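The exercises below concern a ligand, its surroundings and the empty spaces of a protein. Work through each task with the model at hand before reading the solution.

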Amino acid sequence: MVKSVPIIDLKRQYQVLKPEIDFVVKAVLESGSFILGENVRSLEEAVAGFCGVKFAVGVASGTDALELALRALGIKEGDEVITTPFTFIATVEAICGVGARPVFADIDQLTLNLNPERVRSKVTKKSRAVIPVHLYGCPAEMEVFTAIAAEYGLKIIEDCAQSLGSELKGKKSGSFGDCGCLSFFPTKNLGCCGDGGMVLTNSRDIADNLMMLRSHGSRERYRHVVTGYNSRLDEIQAAILKVKFKYLDEWNNARRRHAEKYNQMLSGLSARGCVILPVEPGGMKHTYCLYTIRVRAGKRDGLTDFLKAKGVQIAVHYPVPLHLQDVYSGFGYKKGDFPDSELAASEVLSLPLYPEITSAEIEYVCEAISEFFKRQV
Ligand SMILES: *Cc1c(COP(=O)(O)O)cnc(C)c1O
């Protein structure tokens, strides 16, 4: 009998993979090779192949992947980078990290992804790049972004932290832009046991730049050509990721099945307008890093409390859009600037979803949600 449902349970996955993971971790410990060794190299090759790009460069986190990608593309102080205010803060931290100015454009109401047409109206002489985020694993409209970028001479950096394996017309997210940035944070679709990230690119020059940047701006030991970073994916994380990578497709398919079950069980509430379910636009493959519904009519926080009392862990990704964060108050944005992002921030609710979740757990969550709405009338 289900009595509570965690929003994510990383222990279940480890219990299944324990013999394999323990084995490879021990092998790294015994090898004495911890930084930029064979595991990182072979993982880079495997992920590049999977995503359909020529190069992949392992770095210390998804945040670093974004910042190093911006640096490798020459984005610097005085430049403007257009992105969504409805994302995890790391997207914008990276822009500020290279000294550029984040310029926000509002999201699409349906997918909650950056709306390409709204990007168009934010382009100025200083615009250098655009960062679409494949939020929750739902692919952004890359064909439109590619056309806009070509029209205005902008670079594209895809934030794929939540979308490893997501596809648009059979092409993987991360393979459309100049760079695609992955996160291996433990809760992502492919997570390590610490921090990790990777940058994807089809350009040898950009890959070369990234490899220099992650190692203190150095191509040759103790010869430094630019100010770099210490940002490497380490061998232990890479070895663990190689074990898990074999299961990525299987896990993503499980996520999709679980999302489908949620969609079916919540379809009645959706038809009554109580909730809005996540969409998978035609031609796209969503991988549900997060299964995030929208709760209408100001009932999100009430439902949150009700679910908590029922032992269902939920989360809000994200409660405050970035243009309204204190840290960015200096940019002069105000409430009302991006109404679709602000509305989404007040309505979104992420439900428990991970490959190992059981049908009984999903049913428990959905029954609790139904019960809440029954009590409303
Ligand atoms: C997780 C995440 C990041 C940052 O990745 P880290 O590995 O945690 O640094 C960036 N962007 C988005 C959208 C994310 O979800």
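**Exercise 1. Polar contacts of the ligand**

How far is an oxygen atom of the ligand from an N or O atom in the side chain of threonine 63?

Solution. The model is predicted, and side-chain atom pairs count only at pLDDT 80 or more.
Step 1. The distance from the ligand oxygen to the N or O atom in the side chain of threonine 63 is 2.5 Å.
Step 2. For glutamine 162, an N or O atom of the side chain lies 2.7 Å from an oxygen atom of the ligand.
Step 3. With aspartate 159 the ligand atom is a nitrogen, 2.8 Å from an N or O atom of the side chain.
Step 4. The cut-off for a polar contact is 3.5 Å between N or O atoms. The pairs of threonine 63 at 2.5 Å, glutamine 162 at 2.7 Å and aspartate 159 at 2.8 Å can be checked against it.
Step 5. On its own the ligand has 380 Å² of accessible area, and the protein covers 93% of this.

**Exercise 2. The shell around the ligand**

Which residues come nearest to the ligand, and which element gives the most to the shell around it?

Solution.
Step 1. The ligand has 17 residues around it, and the nearest are Gly62, Thr63, Gln162, Ser183 and Lys188.
Step 2. α3 gives the most to this shell, with 3 residues.
Step 3. Sorted by class, the shell holds 8 polar, 7 nonpolar and 2 charged residues.

**Exercise 3. The pocket of the ligand**

Which pocket is the space taken by the ligand, and what lines this pocket?

Solution.
Step 1. The ligand takes up the space of the largest pocket. Two elements, α3 (62-72) and α4 (90-97), give two or more residues to the shell around the ligand.
Step 2. The volume of the largest pocket is about 540 Å³.
Step 3. Its lining has 30 residues; Gln162, Phe185, Thr187, Lys188 and Tyr318 lie nearest the centre.
Step 4. At least two lining residues come from each of α3 and α4, and α3 gives the most, with 3 residues.
Step 5. The lining of the largest pocket divides into 16 nonpolar, 10 polar and 4 charged residues.
Step 6. Comparing lists, Gln162 and Lys188 are among the residues nearest the ligand and also among those nearest the centre of the largest pocket.

**Exercise 4. The second largest pocket**

What is the volume of the second largest pocket, and how many residues line it?

Solution.
Step 1. The volume is about 340 Å³.
Step 2. The lining has 14 residues, with Ser215, His216, Ser218, Arg221 and Arg232 nearest the centre.
Step 3. α7 (204-214) and β10 (218-220) are the elements that give two or more residues to this lining, and α7 gives the most, with 4 residues.
Step 4. By class, the lining of the second largest pocket has 5 charged, 5 nonpolar and 4 polar residues.

**Exercise 5. The cavity**

How many cavities of 30 Å³ or more does the structure hold?

Solution.
Step 1. The structure holds 1 cavity of 30 Å³ or more.
Step 2. The largest cavity contains about 100 Å³ of space.
Step 3. It is lined by 16 residues, and Leu10, Gln13, Lys188, Arg255 and Pro355 are the closest to its centre.
Step 4. Two or more of the lining residues come from each of α1 (10-31) and α9 (248-265).
Step 5. The classes in the lining of the largest cavity are 7 nonpolar, 4 polar and 5 charged residues.

Methods
Residues numbered from 1 in each chain as written. Predicted model: local features only at pLDDT ≥ 70, side-chain atom pairs only at ≥ 80, totals over all residues. Heavy atoms only, no water. Near = heavy atom within 4 Å. Polar contact = N/O pair within 3.5 Å; in protein donor to acceptor, adjacent residues only side chain to side chain. Areas by Shrake-Rupley, 256 points an atom, 1.4 Å probe, with all protein chains shown as cover. 1 Å grid on protein atoms, 1.4 Å probe; cavity = no way out; pocket = protein on both sides within 12 Å on 5 of 7 lines; lining within 4 Å. Sits in = over half its atoms within 2 Å of the grid points. Nonpolar A, V, L, I, M, F, W, Y, C, P; charged D, E, K, R; others polar. Points joined across faces, edges and corners; volume = space filled by probe spheres on them.
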